[in-house]
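User: I'd like to go through a few of the labels on this one and hear the reasoning behind them. Can you take me through it?

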Amino acid sequence: ELSLYLIEWLVEGYGNNSRATDLINNTDIFILPTMNPDGFELGQRYNANGVDLNRDFPDQFTDLNNTIDNREPETQAMMQWTWDHHFVLSANMHTGALVANYPFDGPNSGVYSASPDDELFINLALTYAEAHPNMESGGFSNGITNGSEWYAVFGGMQDWNYVWEGGCDITLEQNNVKWPNSNQLPSLWDEHREPMIAYIEAIHNGVRGIVTNSDTREPINAIISVEGIEHDITPDPENGDYYRLLTPGTYTIIASAFGYLTQTETITIPFNGSIDLNFQLDTDPWLDEADIEDFESGDLTNFN
């Protein structure tokens with residue numbers, strides 16, 4: 001329901017509200033009002049097959065197969081949708097508590113489980129919680145929690161998004177009452193409107209740019225690394241554009257790709273906004289002399 005309010009705020013605000021106009025003009029925004037239509041209609045967390053969809057994704061601790069095989073149709077659709085759009089920042093929305101929950105969600109309940117981007121995730125969760133009028137009333141310090149420290153979840157969407165797809169995803173528990181009455185919706189929207197908008201705006205913090213071949217200007221299937229943070233991302237394959245969310249500070253950014261000379265740049269992320277950093281990679285001169293076969297073609301004719 002809050003997703004529908006958000007859609008309404010965006011489309012009715014376009015051209016009338018500077019924040020809505022700026023977001024729509026400068027951000028690709030995708031909104032899925034419900035991932036679980038069966039559960040929504042039946043008033044339960046499970047789909048019609050009795051499966052909790054937020055336990056059905058690939059899991060770094062218990063299910064290392066990043067495939068749609070043997071998963072629920074809703075999970076398959078969500079995974080395919082994510083693959084098609086290369087999302088950078090997202091959130092999944094729940095009720096039953098009031099807190100912004102961030103990765104990792106496992107492996108041990110009651111034990112803090114930090115991701116390589118722990119500082120970033122804390123910042124993102126606080127972006128949401130601090131914009132809420134009283135997020136701490138949910139009983140969590142600063143209105144946020146590390147998922148595993150709260151309780152372990154296996155097969156959750158937020159960890160899958162980060163571990164396998166490179167995107168930053170957090171879980172928003174938006175009301176202590178699991179099924180609030182419909183007459184509460186306007187007040188809940190009033191409380192969560194600013195947090196939802198501020199969270200979307202956080203996509204514009206960090207470093208972004210385009211990775212191309214220096215000769216042809218064609219996009220390159222590269223890897224973007226940050227020195228000291230063991231979590232790489234890849235540019236969008238269609239246009240070569242990348243978006244790496246980072247907290248304010250100085251970082252060394254590395255762009256690498258097979259067949260190209262690696263490039264490294266040191267940048268400083270401001271307290272608000274992003275740094276533009278494009279990479280134009282030169283072909284590795286070794287390729288001019290190399291005798292290369294593609295083993296996937298199954299036609300290794302150049303070698304005995």
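**Labels and the reasons for them**

Analyst: Let's start with D276, which has a relative accessible area of 58% and is exposed. Keep in mind that this is a predicted model.

User: What makes D276 exposed?

Analyst: The cut-off for exposed is over 50%. D276 comes in at 58%, so the label fits.

User: And why is R208 called partly exposed?

Analyst: Partly exposed runs between under 20% for buried and over 50% for exposed. R208 has 28% relative accessibility, so partly exposed is the label.

User: How do you know that D276 and R208 meet in a salt bridge?

Analyst: The rule wants a side-chain nitrogen of Lys or Arg within 4 Å of a carboxyl oxygen of Asp or Glu. For D276 and R208 the N to O distance is 3.0 Å, so by that rule the pair is a salt bridge. The two partners come from distant parts of the chain, 68 residues apart: D276 sits in strand β11 (residues 274–276) and R208 in strand β5 (residues 206–213).

User: What makes D190 and R193 a salt bridge?

Analyst: Their side chains meet at 3.2 Å, N to O, and the cut-off is within 4 Å, so the pair counts. D190 and R193 are both in helix α8, 3 residues apart, or about one turn of the helix. R193 has 29% relative accessibility, so R193 is partly exposed.

User: How many salt bridges does the rule give?

Analyst: The count is 8. Another of them joins E201 and R19 at 2.9 Å, N to O. That pair also links distant parts of the chain, with E201 in helix α8 and R19 in helix α2 (residues 18–26), 182 residues apart.

User: Are E201 and R19 buried, exposed or partly exposed?

Analyst: E201 is at 28% relative accessibility, so E201 counts as partly exposed. R19 has a relative accessible area of 28%, so R19 is partly exposed too.

User: Why can L4 be part of a surface patch?

Analyst: Patch residues need over 30% relative accessible area. L4 has 44%, so L4 clears that cut-off, and partly exposed is the label for L4. L4 belongs to helix α1 (residues 2–13). With I7 and V11, L4 forms a nonpolar patch of about 240 Å² of accessible area together.

User: What does the lining of the second largest pocket look like by class?

Analyst: There are 10 nonpolar, 5 polar and 1 charged residues in that lining. Helix α5 gives the most, with 4 residues. The volume of the second largest pocket is about 230 Å³.

Technical notes: Residues are numbered from 1 along each chain as its sequence is written. This is a predicted model: local features need pLDDT of at least 70, side-chain atom pairs count only at pLDDT 80 or more; totals for chains, interfaces and linings use all residues. Side-chain values use heavy atoms; hydrogens and water are left out. Patches are made of residues with over 30% relative accessible area and no salt bridge: like charges are joined within 9 Å, nonpolar side chains (Val, Leu, Ile, Met, Phe, Trp, Tyr) within 5 Å. Accessible areas come from the Shrake-Rupley method with a 1.4 Å probe; for residues, only the protein chains shown count as cover. Helices (H or I, at least four residues) and strands (E, at least two) are DSSP runs, numbered from the N terminus. Buried means under 20% relative accessible area, exposed over 50%, partly exposed in between (1.4 Å probe, protein chains only). On a 1 Å grid over the protein atoms alone, a cavity is a set of points where a 1.4 Å probe fits but cannot get out, and a pocket is an open set with protein on both sides within 12 Å along at least five of seven lines; lining residues have an atom within 4 Å of a point. Grid points are joined across faces, edges and corners, and a volume is the space filled by probe spheres set on the points. Ala, Val, Leu, Ile, Met, Phe, Trp, Tyr, Cys and Pro count as nonpolar, Asp, Glu, Lys and Arg as charged, and the others, Gly among them, as polar.
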